[in-house]
Amino acid sequence: MRSEEELVMEQKREDGRKRRRERLESDGLDSCRWCYANLQRFKVKHLVVALGETWYLSLPHTVEKVQGQCYLAPIDHESAAAIAEGGPLQKEITKWKDNLARFFFEKEKKEVLFTETALLRHSMPHHLRIECFPLQRRDAEVAPSFFRQAILDTANEWSENPRLVEYLTESGKPVPIVQKFSYFSVEFGRAGGFIHIIENEGRFDLQFGQSVIASILSLSPPSQRPQRHRPEIEFQLMKNFAGRFEPYNWTRELVEP
């Protein structure tokens, strides 16, 4: 039998879900595939590994490019500008990234790359999503040179600004130059990464990050029509990932007394 504290927590979560559904309907966001309240309707909720207070961790909705690939997204429809403003979103994403980096390094001896495409100039900014790619150390070591070259080779197609910003990451907060601009970023573990402004969103390839990862691993480029696993395989992949990640799943603190 559940305790009174657990019942109160469940009621708060249900009230939150109701408010999110109402917001989605009123703001025209019911077509967003990344809003947590919409995941059930798009038949991808079973891929969610863990649910935090402002973010959730999930396996990709389509066949993964690398083993262990996953993504982080805010529960509500938030853009990259929300992290730049600080507050709960910024604080929690730092915790997620730190724990994922520890998980892949300690459990699988891999380094994790975080990529993000922030498109802010649409009438409805894209839902913030951070993709996570665990790589063998030898592949992670060459990743910076691959991404640097790929960005410099293609940036003139989607940006008039040739500047590639290299930064060190301590807080998980984007550097000030891009807080109000669309951008692509890649973070190498928790050490730092690159950011480049996107000025022409219509010409930017949304699979740019995956394409570079594929090049590093000598894999075929991502498909324009990616396939899904069968539902039973998706359930098993999520269960396996969640089991391995359990010791690093800080969200247990939210429900444990």
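**Exercise 1. Determine how far helix 5 is covered, and by what.**

Step 1. The model is predicted; local features need pLDDT of at least 70, side-chain atom pairs count only at pLDDT 80 or more, and totals for chains, interfaces and linings use all residues. Residues are numbered from 1 along each chain as its sequence is written, and side-chain values use heavy atoms, with hydrogens and water left out.

Step 2. Helices (H or I, at least four residues) and strands (E, at least two) are DSSP runs numbered from the N terminus. Buried means under 20% relative accessible area, exposed over 50%, and partly exposed in between (1.4 Å probe, protein chains only).

Step 3. Of the nine residues of helix 5, seven are buried, and the helix is mostly covered. The buried ones are Phe208, Gly209, Gln210, Val212, Ile213, Ala214 and Ile216.

Step 4. Contact means heavy atoms within 4.5 Å. The cover over these buried residues includes strand 4, strand 5 (130–136), helix 4 (137–158) and strand 7 (183–188).

**Exercise 2. Describe the largest pocket and its lining.**

Step 1. On a 1 Å grid over the protein atoms alone, a cavity is a set of points where a 1.4 Å probe fits but cannot get out; a pocket is an open set with protein on both sides within 12 Å along at least five of seven lines, and lining residues have an atom within 4 Å of a point. Grid points are joined across faces, edges and corners, and a volume is the space filled by probe spheres set on the points.

Step 2. The volume of the largest pocket is about 900 Å³. It is lined by 32 residues, of which Trp34, Arg129, Glu131, Gln207 and Gln210 are the closest to its centre. Strand 4 (110–118) and helix 5 (208–216) are the elements that give two or more residues to this lining.

Step 3. Ala, Val, Leu, Ile, Met, Phe, Trp, Tyr, Cys and Pro count as nonpolar, Asp, Glu, Lys and Arg as charged, and the others, Gly among them, as polar. Sorted this way, the lining has 12 nonpolar, 12 polar and eight charged residues.

**Exercise 3. Decide whether Ser185 and Phe104 are buried or exposed, and list what each touches.**

Step 1. Ser185 lies in strand 7. Its relative accessibility is 7%, so Ser185 counts as buried. Leaving out residues up to four places away in sequence, Ser185 touches Phe114, Thr115, Glu116, Phe194 and Ile195.

Step 2. Phe104 belongs to helix 3 (residues 88–108). Phe104 counts as buried because its relative accessibility is 0%. With the same residues up to four places away not counted, Phe104 touches Gly68, Cys70, Lys109, Lys110, Val112, Pro134 and Phe241.

Step 3. Phe104 and Arg244 are 140 residues apart in sequence, while their C-alpha atoms are 9.7 Å apart in space.

**Exercise 4. State where Lys43 and Ser218 lie, and give their phi values.**

Step 1. Most residues other than glycine have a negative phi.

Step 2. Lys43 is not a glycine, yet has a positive phi of about 60 degrees. It lies in the loop between helix 1 (4–27) and strand 1 (48–51). At 62% relative accessibility, Lys43 counts as exposed.

Step 3. Ser218, also a residue other than glycine, has a positive phi near 55 degrees. Ser218 comes just after helix 5, in the loop between helix 5 and helix 6 (231–245). Its relative accessible area is 69%, so Ser218 is exposed.
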